[in-house]
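Dear colleague,

Please find the structure below, for your consideration. My notes on its contents follow directly after it.

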Amino acid sequence: MQSLGPILIFDVAAPLVAYYSLRSAGLSSVGALVLSGVFPAFGIALGVVRRGSLDAIGVLVLIGIIVGSAVGLASGSARLVLLDGTVPTAVFGVVCIASLWSRRPMIYRFALESMGPDTPKGRDFADQWRYAGFRHAFRVTTVVWGVAFLAEAAVQIVIIQTASTSVAKTTSNVMPLVVAGLVIIWNISYGKRGRRRGELARQAARARGESPPPMPEESTT
């Protein structure tokens, strides 16, 4: 996953500065929205150069930028440009929830991919899937991420429909960072609680003279 610095620059600060500067210069809302979308696309391109690959989230964001720009330019509607920007968020939420019926939930797959499935750490991490507590933790985490992103998309749609274009543009750039930050904070807290519960179970097993259960490694993605 991207570090915070590039996200703040390319996904928040630069698009907002560009949008308000272009509007002050007399450009239309649609034109300013389309041109401000260049910065997130450039940030994704830099990430591809650094990592050598394009991840699923980057693909969704690029599709949203391209489709939103095309629809906005064709229709002249700033709201349609902003509404198309919510599509990647909603799709990610749906995919997270749908992945609960697949062999591995989405957040587990992201965690494994970030470690590298062929690295020693990745192989150790994948081996933990045999433990029920580990599987449960990643299913819960995937549900929380999915619901959070769906809720974010729903709130942003309401804002786009009821607020000014400038307000909707600001929230569309800031809200994803806030929501992701809150979910990550929850994720860290949930992981710590799980490790504490695991340690208590090990202590209880040792007190009974039993072999303590393993402590599977958990990830905060």
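**Surroundings of Thr165**

Beyond its neighbours within four places in sequence, Thr165 is in contact (heavy atoms within 4.5 Å) with Tyr19, Ser29, Leu33, Ala78 and Leu82. Thr165 lies in helix H10 (residues 165–207); helices (H or I, at least four residues) are DSSP runs numbered from the N terminus. Thr165 counts as buried because its relative accessibility is 18%, the limit being under 20% relative accessible area with a 1.4 Å probe and protein chains only.

This is a predicted model, in which local features need pLDDT of at least 70 and side-chain atom pairs count only at pLDDT 80 or more, while totals for chains, interfaces and linings use all residues. Residues are numbered from 1 along each chain as its sequence is written, and side-chain values use heavy atoms, with hydrogens and water left out.

**Nonpolar core and aromatic rings**

The largest nonpolar core (buried Ala, Val, Leu, Ile, Met, Phe, Trp, Tyr and Cys residues joined through side-chain atoms within 4.5 Å) has 31 residues, and Tyr108, Phe125, Phe138 and Trp145 have the most contacts inside it. Helix H9 (132–162) gives the most to this core, with seven residues.

There are 14 aromatic pairs in the structure, a pair being rings of Phe, Tyr and Trp (its six-membered ring) with centres within 6.5 Å. Ring pairs join Tyr108, Phe125, Trp129, Phe134 and Phe138 into a cluster.

**Contact of H4 with H6**

Ile57, Leu60, Val61 and Gly64 of H4 meet Pro88, Val91 and Phe92 of H6.

Yours sincerely

Definitions and conventions:
Phe/Tyr/Trp six-rings, centres within 6.5 Å; stacked < 30°, edge-to-face > 60°. Helix = DSSP H or I, 4+ residues; strand = E, 2+ residues; numbered from the N terminus. Buried < 20%, exposed > 50% of the residue type's maximum accessible area, 1.4 Å probe, protein only.
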